[in-house]
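Here is a quick tour of one model, covering its annotated domain, its cysteines, a pocket and some odd backbone spots. Have a look at the sequence and the fold first.

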Amino acid sequence: APGPHPRLFAATFPGSETTATGTWTFDAPDLPAGLAAAGYHTICVGGVGFFNKLTPLGSALPGLFAESHWEPGFGVTSPTSFEAQIACAERAVARVDGPVFLFVNVSALHQPNWYHLPGATREHSDDPRSHAAALEYVDRHIGGLFALMSARRPAFAIVCSDHGTAYGEDGHIGHRIGHEVVWTVPYGEFVLERGQW
């Protein structure tokens with residue numbers, strides 16, 4: 001429905017119309033800094049090139065976190081990227097005694113994803129079937145991430161996408177366009193009780 005809608009988190013900002021009594025506010029420029037000030041250890045496990053730390057742009061988002069990780073095996077060309085990212089998250093979280101804010105940029109759903117289809121080759125290219133196969137791959141492994149984050153304490157999870165992908169809608173392919181299928185993304189938020197997974 002039309003907004004404004006209260007936000008879960010908000011940097012302190014005079015006159016904000018979406019900060020409500022249930023909004024957790026912080027006096028910092030971004031959520032990782034706000035959580036760090038509240039005692040959280042902030043960890044980023046990157047996936048796409050915006051997290052590779054090879055360029056100033058690829059360093060901006062990882063620079064928001066106390067600890068950030070990226071390697072080629074986490075990237076979009078790896079058929080086992082999500083498993084590698086979860087293994088990295090397990091190692092990082094194991095070193096922390098207190099609360100953790102973990103951000104994982106799951107690259108498996110990003111293009112290319114043709115290799116998630118059995119028997120597919122590079123010439124197959126990406127399509128809705130390969131995208132669905134990539135989602136099935138993520139679904140097979142995401143329980144491990146949920147178990148990790150709820151093993152010691154309840155965990156608040158946000159699962160969303162940064163963009164959608166066009167596969168021929170109105171003649172468009174990809175995500176670097178202003179189209180409804182690119183703007184419309186899934187979003188879910190929920191609490192994982194301790195030991196729930």
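Let's settle one term before anything else: a residue is buried under 20% relative accessible area, exposed over 50%, and partly exposed in between, using a 1.4 Å probe and protein chains only. By that yardstick Lys53 is partly exposed, because its relative accessible area is 39%.

This is a predicted model, so local features need pLDDT of at least 70 and side-chain atom pairs count only at pLDDT 80 or more, while totals for chains, interfaces and linings use all residues. Residues are numbered from 1 along each chain as its sequence is written, and side-chain values use heavy atoms, with hydrogens and water left out.

**Domain**

UniProt, in an unreviewed entry, places the feature "domain: Sulfatase N-terminal" at residues 31–179. Its positions are given in the numbering used here, feature names are shortened, and annotations may be inferred rather than shown by experiment. Over residues 31–179 the chain is 33% helix and 15% strand, with the end C-alpha atoms 28 Å apart. Helices (H or I, at least four residues) and strands (E, at least two) are DSSP runs, numbered from the N terminus.

**Backbone oddities**

Most residues other than glycine have a negative phi, and most peptide bonds are trans. Here are four spots that go the other way:

| Site | Value | Where |
|---|---|---|
| Gly3–Pro4, cis peptide bond | omega about 5° | Pro4: segment before strand E1 (9–11) |
| Gln111–Pro112, cis peptide bond | omega about 0° | Pro112: loop between strand E5 (100–104) and helix H4 (128–150) |
| Lys53, positive phi | near 60° | loop between strand E3 (41–45) and helix H2 (56–60) |
| Asp170, positive phi | about 50° | loop between strand E7 (166–167) and strand E8 (173–174) |

Is Asp170 buried or exposed? Asp170 is exposed, because its relative accessible area is 66%.

**Cysteines**

How many disulfides does the structure hold? It holds 0, a disulfide being a pair of cysteine sulfur atoms within 2.5 Å. Cys44 is in no disulfide, and the nearest cysteine sulfur to its own, that of Cys88, is 9.4 Å away. Cys44 also counts as buried, because its relative accessibility is 1%. As for Cys160, its closest cysteine sulfur is in Cys44, and at 13 Å that is too far for a bond.

**Two charged residues and their contacts**

Glu67 is found in strand E4 (residues 67–69) and counts as buried because its relative accessibility is 14%. Leaving out residues up to four places away in sequence, Glu67 touches His41, Thr42, Ile43, Cys44, Ala92 and Arg95, where contact means heavy atoms within 4.5 Å.

Arg152 is found in the loop between H4 and strand E6 (155–160), and it is partly exposed because its relative accessibility is 37%. With the same sequence cut-off of four places, Arg152 touches Val93, Val96, Asp97, Gly98, Val100 and Arg194. Arg152 and Ile43 are 109 residues apart in sequence and 17 Å apart in space, C-alpha to C-alpha.

**A pocket**

Which residues lie nearest the centre of the second largest pocket? They are Val48, Gly49, Phe50, Val76 and His110, out of a lining of 14 residues. On a 1 Å grid over the protein atoms alone, a pocket is an open set of points where a 1.4 Å probe fits, with protein on both sides within 12 Å along at least five of seven lines; lining residues have an atom within 4 Å of a point.
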